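Here is a short tour to take alongside the viewer. Please have the sequence and the structure open, and follow the topics in whatever order suits your work.

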Amino acid sequence: MYFLRLNAGTFMNSIKKMHTKILFLFMALPALLWSQGDNNRLVAQFDSLVNKAYEKGLFSGNLLVANRQGIVYQTSVGYEDIAAQKKNNANTAFQIGSISKMFTKIIILQLAAENKLHLSDKLGKYLQGFPKAMAASISIQQLMDHTSGLGDYTQEEGFMQRMPAIESVSDILPLIQQSELLYAPGSGKKYSNSGYVLLAAIAEKISGKKFGTIVKERIFDVIGMRESGFNTFVTKQPGKAVGYVSNQPGPLRDNFFIHIIGAGDGGIYASTGDLLKFMESFVNDQKLLSDADKLLLLNTPLFPVSYTSWDDFLQRGRMALSGGAPGISAVISFNMEMKTYQIVLSNFDEGSAESINQRLNMIWANKTPTPFRLPPSRFIYSLIKEKGGDYFSANYQKELAEAGIEMDDDMIFLFAGEQLLQEKNADAAIALFQVYTKEFPNIIVAWNDLGDAYRLINNKDAARNCYLKVLQMRPANERAKRALEKL
C-alpha cells in the first residue's frame with residue numbers, strides 16, 4: 001500500500017487539483033481501409049503498446065476497439081483488486097469520471113422531449129435557495145453548455161469540511177448556492193462541474209427519484225448496460241475495479257480515502273462492453289434520443305466542431321470524451337469516418353487511459369508511438385534513488401527539462417519527498433526538499449518536511465531553522481510548533 005503523509009490542508013489542495021474532469025478531444029485520423037492485414041498489424045501493435053505501459057506501471061485496465069463488424073481488439077491487464085489478487089477481466093467495470101456528463105445531458109434532453117422541462121427554463125423554477133442572480137438568470141441550456149457562469153463546487157470555501165459527509169446530490173447544493181458567478185450567464189463559457197450537479201438535482205426534482213435510479217431506468221435498462229451503475233462517491237463494489245493512486249512513487253494505495261464525488265458531473269461506472277452498447281445505440285438507434293436531440297447534445301459552445309445535421313456527424317464525426325481523477329481514467333472515442341469505436345478504461349490515475357488512447361491514435365495514423373514517460377513525481381523519485389541526492393541537486397533542472405517536465409506544480413516534489421521520508425532516506429530527502437524550498441520558498445509543508453528530514457540525521461539546528469521559517473510565514477502552524485517543542 002502507498003501511504004501519503006501530508007498535512008490536511010496540503011493534501012486537500014492536491015485533491016482539488018485532481019478533481020474529476022472531462023476533456024473533449026477531436027481526432028484527426030486518416031480514413032484507413034480495414035483489411036485482414038491491417039487487423040493483424042494493429043492487433044500486434046496494440047498488444048505491444050498495452051504491455052509496455054503495464055510493465056512500466058503506467059496502465060491497469062481494459063481496452064476495446066470495435067468497427068462495423070464487431071469487436072476487433074479487446075484486452076485486460078492489471079488487477080481489479082490488488083489485495084484480493086483479482087485480475088481485471090472483460091466484465092470489470094471502471095469509474096468513468098466526467099464522461100458521466102454525457103449521460104446527464106441525455107437525461108435532461110429526454111425530459112425536455114417529454115415536455116417535463118424546457119431548456120429555456122430558469123434554475124429557480126426547479127431548485128430553491130439560490131441567489132436571485134442565479135435563480136432568475138441561469139437557464140437549463142446554459143447549465144448544459146457550460147455557459148452559466150458557474151465554476152467548480154470543489155473550489156468553494158467549506159468544501160473540504162463538507163466533503164466527507166456528502167452522500168447525495170442535494171448535499172452539494174449549499175456549496176453551489178454560496179458560489180460567485182464567474183461571469184453573467186450566457187456571456188462566456190467555462191467548464192463547470194457545478195452546472196452538472198444542478199442538472200442532476202433538477203432531474204431528481206422532476207422525477208422524484210434519486211439520480212442513480214434515473215440513470216438506470218432511462219439509460220442502463222433501456223440499452224442493456226447490466227454491468228454499470230452510479231455512486232455519489234467512489235466506493236468498493238463487486239465487479240468494479242478498485243482505483244489506485246498510481247502517479248506518485250511508492251507502493252500503490254487505493255483511492256477510497258479521497259472520497260471522490262460524482263453527482264451528475266461524474267459517478268458512473270461501466271464496463272467496456274456496456275460502453276460499446278451505449279456508443280452503438282447513440283449512433284445507430286433512437287432508444288435514448290432522437291437524431292435531432294443528439295445534434296443538440298453535440299453542438300455546444302464547448303465543442304470546437306459543429307455538425308449541420310445528424311447525417312453530417314455520421315459521415316465525418318470524430319469525438320473523444322475523457323474523464324479522470326486519482327485512480328480513475330477513461331476515454332471513449334467515436335470515429336465515424338472509419339466507423340470505429342475505441343474505449344480505454346483504467347483504474348490507475350488520471351492520464352493513464354489518455355496516454356494509451358493518444359498512442360493508439362498514432363498507430364492508426366501509421367506513426368511510431370512516443371515512448372512512455374514516468375509521471376513527474378515518480379520520475380523525480382527514480383532519478384534521486386538512482387543517481388543520489390548530490391546529483392539531483394546539481395542537475396535537476398536539466399533532467400526535468402529533458403524529460404519534458406515543467407516545474408509549475410510543487411506537488412511533483414512533494415509526493416516524491418514524502419515517499420523518501422517514509423523510507424527514512426534522510427540524505428535523499430534533504431536534497432529534494434532543499435530544491436523544493438528553493439523553487440517554492442513559500443510552501444509551508446516543504447519547510448516542515450525539510451525540518452523532519454534534518455531530524456532524521458539529528459541535525460537539530462538545521463531542523464529548528466526550518467520550523468522557525470514556517471512560523472515566520474504562518475505563526476499559527478501547529479506542526480512547526482509541535483516540532484520545536486520536541487527539539
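How many bridges join β2 to strand β3, and in which sense do the two run? There are 7 bridges between β2 and β3 (residues 70–77), and the two strands run antiparallel. Please keep in mind that this is a predicted model. The notes below begin with β2 and its partners, then turn to a hairpin, a buried alanine, an open sheet and a pair of helices.

**Strand β2 and its partners**

- Strand β2 spans residues 61–67 and is mostly covered, with 7 of its 7 residues buried.
- In a regular strand the side chains alternate between the two faces of the sheet.
- Both faces of β2 are covered: one side carries G61, L63, V65 and N67, the other carries N62, L64 and A66, and all of these are buried.
- Together β2 and β3 make a hairpin, with 2 residues between them.
- If you want a landmark in this pairing, look for L64, which stands opposite Q74 in β3.
- Strand β13 (residues 340–346) also pairs with β2, in the antiparallel sense and over 6 bridges.
- Here L63 of β2 has V344 in β13 as its bridge partner.

**The β11–β12 hairpin**

- Strand β11 (residues 318–325) is mostly covered too, as 8 of its 8 residues are buried.
- R318, A320, S322 and G324 point one way from β11, while M319, L321, G323 and A325 point the other way, and all of them are buried.
- β11 is joined to β12 by 8 bridges, and these strands run antiparallel.
- R318 faces a partner across this pairing: it stands opposite N335 in β12.
- The two strands form a hairpin with 2 residues between them, and G327 in the turn has a positive phi of about 80°.

**A330, a buried residue in β12**

- Is A330 buried or exposed? It counts as buried because its relative accessibility is 0%.
- A330 is found in strand β12, which covers residues 328–335.
- Leaving aside residues up to four places away in sequence, A330 touches Q95, I96, I99, L321, S322, G323, V344, L345 and A353.
- Among those contacts, L321, S322 and G323 lie in β11 and are buried.
- V344, another residue that A330 touches, is the bridge partner of L63 in β2.
- A330 and I96 are 234 residues apart in sequence, yet their C-alpha atoms are 5.3 Å apart in space.

**An open sheet of 3 strands**

- The strand order in this open sheet is β6-β10-β7, and the pairing is antiparallel.
- Its edge strands are β6 (94–95) and β7 (229–230), each of which pairs on one side only.
- β6 pairs with strand β10 (residues 268–270) in the antiparallel sense over 2 bridges.
- Q95 stands opposite Y269 in β10, and Q95 is also one of the residues that A330 touches.

**Helices α18 and α19**

- The axes of helix α18 (residues 444–456) and helix α19 (residues 460–473) come within 7 Å and cross at roughly 165°.
- α18 and α19 are therefore roughly antiparallel to each other.
- The crossing of α18 past α19 is left-handed.
- On the α18 side the contact is made by I444, W447, N448, L450, G451, D452, Y454 and R455, and on the α19 side by A462, A463, C466, Y467, K469, V470 and M473.
- Sorted by class, this contact of α18 with α19 has 10 nonpolar, 2 polar and 3 charged residues.

How values were computed
Residues are numbered from 1 along each chain as its sequence is written. This is a predicted model: local features need pLDDT of at least 70, side-chain atom pairs count only at pLDDT 80 or more; totals for chains, interfaces and linings use all residues. Side-chain values use heavy atoms; hydrogens and water are left out. Two strands pair if DSSP finds at least two bridges between them. Helices (H or I, at least four residues) and strands (E, at least two) are DSSP runs, numbered from the N terminus. Buried means under 20% relative accessible area, exposed over 50%, partly exposed in between (1.4 Å probe, protein chains only). Contact means heavy atoms within 4.5 Å. Axes are lines fitted to C-alpha atoms, for helices over the stretch in contact, and angles run from 0 to 180 degrees between N-to-C directions. Angles under 35 degrees count as roughly parallel, over 145 as roughly antiparallel, 65 to 115 as roughly perpendicular and the rest as oblique. A crossing is left-handed if the near helix is turned anticlockwise from the far one by less than a right angle, and right-handed if clockwise. Ala, Val, Leu, Ile, Met, Phe, Trp, Tyr, Cys and Pro count as nonpolar, Asp, Glu, Lys and Arg as charged, and the others, Gly among them, as polar.
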